[in-house]
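Here's an informal walk through the fold, from the strands outward to the helices and a few individual residues. Keep the viewer open and follow along.

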Amino acid sequence: MSIKITGTGSYIPDTIEKNENFNQHTFLNTDGSPINSENTVIIEKFKAITGIIERRYAKNHLNSSDLGFFAAEKAIIDANIDREELDYIIVAHNFGDVKYNTIQSDLLPCLASRIKHSLRIKNPKCVAYDILFGCPGWIQGVIQAEAFIKAGIAKKCLVIGNETLSRVVDKYDRDSMIYSDGAGATVIEATDDEGGILAHEAASFTYDEAYYLFFGNSNNQELCRDTRYIKMDGRKIYEFALTNVPNAMKTCLEKSGVDIKDVKKILIHQANEKMDEAIVKRFYKLYKTDMPEDIMPMSIDKLGNSSVATVPTLFDLIKNNKLENHSLSKGDVIIFASVGAGMHINAIVYKY
């Protein structure tokens, strides 16, 4: 028996927010003081570091759980399963449903229950719950689904990552340009086919690192005194990720028994192009070898950072030949890896 991803689906919002749309924004330092650069310069530097040219925002009437539902429908159809046979629906997110132009997160009921309701699943034994694990949430959901199946308490699980980060950003913060909206979903089940999940690794670094990503005040305290937004210490996150993510990937690969030369693709959380490239280069350096060309597919340039949705969306795009110069064949070995708020890291070695 192997445990495989038998169906994928993603939802990429239609609304495109290009970099030049931020030219009229007022960007401030964390202390509220003006940034002594023109917006064109700020945006150009941002693009050079992150690789982001544009990002996607959900339409005003849609919430995070709606995006997850759309992706889930596609994954169920792709897997060709009866949705009533699902044992678990695991939904990774960070902020619940945040309605457009509001400041309150809505988590009652949980998003998994909302998505199950939208899927019109009648079976009460299909257990639906949320997971809060920062950007690595979808990968962690897959790890949990594998554990349920191995334990014999599940046969089919639906794991979703959905988020609308555009609704929790501080428009006075340059980092607001990073974030986007989207959803990715996967059906995980036991099959007689070979391959699937070969190994996984996960860790939570909280002693000094817990608040590298946090909910904090706006850079404009005069106008936004009572509202808090997603904030991060970018330098500390970069240094943390550069050390810990390659180590987790190496540990995971060693557990799998796969040789580094046999890895076809590394699907890493789309956080920051330069950071992701540095992580993968450092990973290969641990094996005293150079990073191969085309090993690291990227979607951040057009889709931005949609947190829990980036990895499953990237996988769905490649699987369906929708990402230029990247494809997968049966037997290919993939590494999924992520880092995010918590600070959490995880990785999976997977045979396609």
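## Starting from β6

Let's begin with β6: 9 of its 9 residues are buried, so this strand is largely enclosed by the rest of the structure. One thing to keep in mind as you look around is that this is a predicted model.

Colour β6 by side-chain direction and you get two sets. Lys156, Leu158, Ile160, Asn162 and Thr164 point one way, Cys157, Val159, Gly161 and Glu163 point the other way, and all are buried. That is the textbook pattern, since in a regular strand the side chains alternate between the two faces of the sheet.

What flanks β6? On one side there is β4, joined to β6 by 5 bridges and running parallel. Within that pairing, alanine 92 has glycine 161 of β6 as its bridge partner. There is also β7, which runs antiparallel to β6 and is joined to it by 9 bridges. Here cysteine 157 sits opposite isoleucine 188 of β7.

## The five-stranded sheet

Zoom out and β6 turns out to belong to an open sheet of 5 strands, ordered β1-β7-β6-β4-β5, with mixed pairing. At the edges are β1 (2–11) and β5 (127–131), each pairing on one side only. From one strand to the next, the twist averages 20 degrees.

Helix α2 (residues 64–79) packs on this sheet, where it touches β1, β6 (156–164) and β7. The direction of α2 makes about 130 degrees with that of β1. Back among the strands, β1 is tied to β7 (residues 181–191) by 9 bridges, and the two run antiparallel. If you want a landmark in that pairing, try serine 10, which stands opposite glycine 184 in β7.

## The four-stranded sheet

There is also an open sheet of 4 strands, in the order β8-β13-β12-β11, again with mixed pairing. Its edge strands are β8 (196–204) and β11, and each pairs on one side only. The twist in this sheet averages 15 degrees from one strand to the next. Between β11 and β12, which run parallel, there are 5 bridges. Leucine 267 stands opposite phenylalanine 336 of β12.

## Helices lying across the strands

Helix α4 appears twice in this part of the story. It lies across strands of the five-stranded sheet, and it also lies across β8, β12 and β13. Helix α5 lies across β8, β11, β12 and β13. Here are the angles side by side.

| Helix | Lies across | Angle |
|---|---|---|
| α4 (residues 137–150) | β1, β4 (88–92), β5, β6 and β7 | about 165 degrees to β6 |
| α4 | β8, β12 and β13 (344–351) | about 60 degrees to β13 |
| α5 (residues 234–256) | β8, β11, β12 and β13 | about 35 degrees to β13 |

While you're on α4, have a look at glutamate 146, which has its place in this helix. Is glutamate 146 buried or exposed? It counts as buried, because its relative accessibility is 4%. Leaving aside residues up to four places away in sequence, glutamate 146 touches Ile3, Ile197 and His200.

## A buried helix: α8

Next comes α8 (residues 310–319), where 9 of the 10 residues are buried, so this helix is largely enclosed by the rest of the structure. The buried residues are Thr310, Val311, Pro312, Thr313, Leu314, Phe315, Asp316, Leu317 and Ile318. They pack against β1, α4, β7, β11 (263–268), α7 (300–303) and β12 (333–340). Just after α8, asparagine 321 takes a positive phi of about 55 degrees.

## And the cysteines?

How many disulfides does the structure hold? The count is 0. Take cysteine 157, back in β6: the closest cysteine sulfur belongs to cysteine 126 and is 8.9 Å away, which is too far for a bond, given that a disulfide needs the sulfurs within 2.5 Å. Cysteine 252 is in no disulfide either, with its nearest cysteine sulfur, that of cysteine 135, 19 Å away. As for exposure, cysteine 157 is buried, with a relative accessible area of 0%. Cysteine 252 is buried too, with a relative accessible area of 0%.

Methods:
Residues are numbered from 1 along each chain as its sequence is written. This is a predicted model: local features need pLDDT of at least 70, side-chain atom pairs count only at pLDDT 80 or more; totals for chains, interfaces and linings use all residues. Side-chain values use heavy atoms; hydrogens and water are left out. Two strands pair if DSSP finds at least two bridges between them. Axes are lines fitted to C-alpha atoms, for helices over the stretch in contact, and angles run from 0 to 180 degrees between N-to-C directions. Contact means heavy atoms within 4.5 Å. Buried means under 20% relative accessible area, exposed over 50%, partly exposed in between (1.4 Å probe, protein chains only).
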